[in-house]
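Visitor: I should like to learn how a structure of this kind is read, feature by feature. Could you take me through it?

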Amino acid sequence: MRSTLKMVVFLGSLLGVLAASRSLLGRVPDRDPAGQIRSDAGAEDSAKSVSPDAGAGQMLGPAPANTHVSPVDAGLSDIAAASVHADAIPGARDTADSILQLQDAGEADGEQIIQSHAADLPVGAESSKQGEDMSVAATVAPVSPKRLPIFGLMADIGVPDGFIGSLAIRPWKWLRFCAGGGANGISYGWRTGITLLPFGQGPSASLEYGGYLDGDANAMAKTLGFGSSPVLQRIGYQYTNAHLGLDFGSRRFVFFLHGGVSVLWGQIHNLNAVVPAPTASDASVTGTTQMVVPQDPNARVVTPSVKLGFVVYVR
Amino acid sequence: MALRLFSIIPVLAALASGCSPSFEASLPDVEITQHGLVMAGAPGLPQPGEATVTSSFTISSSIAAWAKRMNSKVFIHQATVTASGGLPNLDFIKSALVTATAPSISQSTTEIASYARSVDAQSSSSIEGTRPAPIDVTRLWSADQMVISLRVTGQLPEQDWIVDVTLKFSGDITYDF
């Protein structure tokens, strides 16, 4: 009952910390692969020059020549090709360079094309080869926001988790699932979990559930300086973690440090081997007194826990 | 930004420090058996009839020290008396009562189990005394010594006879570090 109460208090604190950290940190802007910070306001601004509604083949209206058409701002970081007839468009050289640089920085997994055909602009999409109101017309494929890699490999170490290697899935930047297996120095186990990152990085909250098969813990006990015991011959447990933490990095590599409370439960085996041997009773009785534990006790431990690890997103 | 992020660490540390480790264990079945409890015979009765004898034994800290140091809740569910020492059966017992007391705490006794032989009871080498609900003996258990007494009534043998007495316990142990 006390443990349940502790968990409730902890989860309440967890929500409180998240709420506080939201006001503390403010809005954390997204980052594009080129390192540019993209805010919601920036996206709105970019929509003024390159409309996100522009479908494939749709020609955009005139835009000032000195307006840099930023594929990133428009969600066009995945550039497959870009051709700019810079010679024909005075002032468009900067735009072309910017696009080509972004093409190098971006990932070529889309088929979004930006073309500046100042010389071939159709009627209605005027482009003045001379003058200050030079227009750049862009033909864009369907616009999609920059997608973070979804699948990753995660490794972490902690107590009571042990060493765990997992497959991580990040369907959204604020949510991460993981499932994997590992070892704790006694036996092999598994773990699955969910992590919420309300800002995509920074503060996080995790809930995890795992377990370890029975194993002989005497070797570890000796390593740690304790004596051996028959009770340690079969040590296995299941556990849950409720963690708060910090996650650093947001795109390819994420390092995290999580801490909180864990509840472990399992059975204690071979207890009969350690209960006192039959003893002589008081002087008035000739017999002996013996204690036997026919059924293995159930045990539960509530303890602070911590783990650190990293995630490498590969796809 | 980094400073702001790291400002959360003290909050995390405070949360972690507020959760002290605790251990809980549920022991659904623990048996303590007194082997070879000698019951006095009832010789020289003027005429055949029922007699009552009482014998006791002590559960001391030496056998339960590992549990006594913890914050335990201890219950007794059942008491079983089994014939021993060549005694064929316990059919001569009409009634039995098992009580517990802790002289260092109180002289009052707690009834653990009782038995009354029914008319159509079959011959058996053991008798079981139960209670509708488990008896909380936590206070008695925490004492250095808990004295268990067995009182039997019936047409008892003239010679001393021997039984084994088994008490079935359950318990919950909690320990805060």
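Guide: The following turns treat strand pairing, the nonpolar cores and one loop residue of this predicted model.

Visitor: Let us begin with the composition of chain A. How many helices and strands are there in chain A?

Guide: Chain A has four helices and 14 strands. Of its 315 residues, 34% are buried. Among the contacts in chain A with a separation of 6 or more, 64% are between residues 24 or more positions apart.

Visitor: How is strand pairing read, and which strand of chain B pairs with strand 13 of chain A?

Guide: Pairing is read from the bridges between two strands, of which at least two are required. Strand 13 of chain A, residues 288-292, pairs with strand 1 of chain B in the antiparallel sense, over four bridges. Within this pairing, A:Gln290 has B:Thr33 as its bridge partner.

Visitor: How many bridges join strand 14 of chain A to strand 1 of chain B?

Guide: There are five, and these two strands run antiparallel; strand 14 covers residues 298-313 of chain A. Here A:Val301 is bridged to B:Phe23.

Visitor: Which sense, parallel or antiparallel, relates strand 1 to strand 8 within chain B?

Guide: They run antiparallel and are joined by 14 bridges. One partnership links B:Ser26 of strand 1 with B:Asp172 of strand 8.

Visitor: Turning to the interior, which residues have the most contacts inside the largest nonpolar core?

Guide: They are B:Ala96, B:Val98, B:Met146, B:Ile148 and B:Val165, in a core of 37 residues. Among the elements of chain B that give two or more residues to this core are strand 1 (22-39), strand 8 (161-176) and helix 4 (138-141). A second, separate core has 13 residues, including A:Ile186 and A:Val301.

Visitor: Which residues does B:Ile148 touch, leaving aside those up to four places away in sequence?

Guide: B:Ile148 touches B:Ser56, B:Phe57, B:Ile59, B:Val98, B:Ala100, B:Val165 and B:Leu167.

Visitor: Finally, where does B:Ser142 lie, and why is it classed as partly exposed?

Guide: B:Ser142 lies in the loop between helix 4 and strand 7 of chain B. The general idea is to count the other C-beta atoms within 10 Å: 20 or more would make a residue buried, and 12 or fewer exposed. B:Ser142 has 18 and is therefore partly exposed. Its C-alpha atom is separated by 9.6 Å from that of B:Lys73, a residue 69 residues apart from B:Ser142 along the chain.

Technical notes: Residues numbered from 1 in each chain as written. Chains lettered and ligands numbered in written order. Predicted model: local features only at pLDDT ≥ 70, side-chain atom pairs only at ≥ 80, totals over all residues. Core = buried A, V, L, I, M, F, W, Y, C linked by C-beta atoms within 7 Å. Contact = placed C-beta atoms within 7 Å.
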